Amino acid sequence: MKIAVLGAGNVGSALAARLTERGHHVILAASEPGSPRLAAAAAASGAETASAADAATAADHAVIAAPFAAIDALLTDEVRDALAGKVVIDATNPLAADYMSLTIGHSTSAGEQVAERLPRSRVVKAFNTVFAATLDKPVLGGVKQLLPVAGDDADAKQSVIALGDELGFEAIDAGPLTNARYLEPAVEFLIQLAYGQGLGAGIGLHLARA
């Protein structure tokens, strides 16, 4: 697939590397097309670079991997038009500036707010529950990391589940997009364990089965 990764930070660059390893055509974009961080991420992953609008236009699927606070700046009218009808994977989390709390929750989620800004796109919540440090380690402690996938478009959700499985995760149908309200706090719990309790970033979620 042609996949636009909108965001060249830790998550975006790690995802771009995994996707290019699997043979996907990845186009990386950042808020500043000429930024050294974008160039470094592209060099490390083998991805192409383009403006956000051009990347979205060329791609079949898109991943939003920018900070949630930057969503309004990222999703310009041109980008929103380019994403119309396409599967958009929202990998954002509404983290506070110190990462140790969430800025929204209970009655909405980052996933739902992204969908509100992209009413013509097929928004799916996924990849937000995996740390950037372990995106290249789908198996931790001998078991696959859990990759919940939430969305309201069944076909779009299945395509993202297939992508997660291809990358080595245990991708599961996590229900409608409103369930992003529960997936995003799960990430904050991981952050509290990793950094508040000192377990480090090499941890992830696992679904135990009887």
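In the predicted model, Thr49 makes contact with Ile27, Leu28, Leu38 and Ala42, when residues up to four places away in sequence are set aside. Thr49 belongs to strand E3, which covers residues 48–49. The separation of Thr49 from Ile27 is 22 residues in sequence, whereas their C-alpha atoms are 5.3 Å apart in space. Thr49 has a relative accessible area of 42% and is therefore partly exposed, since this class lies between the limits of 20% for buried and 50% for exposed residues.

One of the contacts of Thr49 is Leu28, and Leu28 is also a member of the largest nonpolar core. This core contains 33 residues, and those that touch the most other members are Leu28, Ile89, Phe127 and Val160. Two or more residues of the core come from each of the strands E1 (2–6), E2 (25–29), E5 (87–90) and E9 (146–151). The helices H1, H2 and H7 (154–166) also contribute two or more residues each. In soluble globular proteins, nonpolar side chains tend to be buried together. Another core, of 25 residues, lies apart from the largest one, and Ala4, Ala29, Ala55 and Leu177 are among its members.

The surroundings of Ile89 illustrate the contacts made within the model. With residues up to four places away in sequence not counted, Ile89 touches Ala62, Val63 and Ile64, and also Val124, Ala126, Phe127, Val160 and Leu163. Two of these partners, Phe127 and Val160, are named with Ile89 among the core residues that touch the most other members.

Phe127 is located in the loop that connects strand E6 (122–125) and strand E7 (139–140). Its relative accessible area is 2%, so Phe127 is buried, the limit for this class being under 20%. The backbone of Phe127 has a positive phi of about 70°, although Phe127 is not a glycine. A positive phi of about 70° is likewise found at Tyr99, which is not a glycine either. Tyr99 is placed in the loop between E5 and helix H6 (110–117). Tyr99, however, is exposed, because its relative accessible area is 51% and the exposed class begins over 50%.

A further exposed residue is Asp77, which lies in helix H5 (residues 77–82). Its relative accessibility of 56% explains why Asp77 counts as exposed. Asp77 and Ala171 are 94 residues apart along the chain, and a distance of 32 Å separates their C-alpha atoms.

Attention now turns to the open spaces of the model. Rolling a probe the size of a water molecule over the atoms shows where empty space is left. The largest pocket has a volume of about 1200 Å³. Its lining comprises 46 residues, and Asn10, Val11, Ala65, Ala66 and Pro67 are those nearest the centre of the pocket. By residue class, the lining consists of 33 nonpolar, 11 polar and 2 charged residues. At least two lining residues are supplied by each of helix H1 (10–21), helix H2 (36–45), helix H3 (52–58), helix H4 (71–74) and helix H8 (180–196). The greatest contribution comes from H8, with 3 residues.

An annotation in the UniProt record also applies to part of the chain. In an unreviewed entry, UniProt lists residues 2–94 as "domain: Pyrroline-5-carboxylate reductase catalytic N-terminal". Across residues 2–94, helix accounts for 42% of the chain and strand for 22%. The C-alpha atoms at the two ends of this segment are 27 Å apart.

Terms used
Residues are numbered from 1 along each chain as its sequence is written. This is a predicted model: local features need pLDDT of at least 70, side-chain atom pairs count only at pLDDT 80 or more; totals for chains, interfaces and linings use all residues. Side-chain values use heavy atoms; hydrogens and water are left out. On a 1 Å grid over the protein atoms alone, a cavity is a set of points where a 1.4 Å probe fits but cannot get out, and a pocket is an open set with protein on both sides within 12 Å along at least five of seven lines; lining residues have an atom within 4 Å of a point. Grid points are joined across faces, edges and corners, and a volume is the space filled by probe spheres set on the points. Helices (H or I, at least four residues) and strands (E, at least two) are DSSP runs, numbered from the N terminus. Ala, Val, Leu, Ile, Met, Phe, Trp, Tyr, Cys and Pro count as nonpolar, Asp, Glu, Lys and Arg as charged, and the others, Gly among them, as polar. A nonpolar core is a set of buried Ala, Val, Leu, Ile, Met, Phe, Trp, Tyr and Cys residues joined through side-chain atoms within 4.5 Å. Buried means under 20% relative accessible area, exposed over 50%, partly exposed in between (1.4 Å probe, protein chains only). Contact means heavy atoms within 4.5 Å. UniProt positions are given in the numbering used here, feature names are shortened, and annotations may be inferred rather than shown by experiment.
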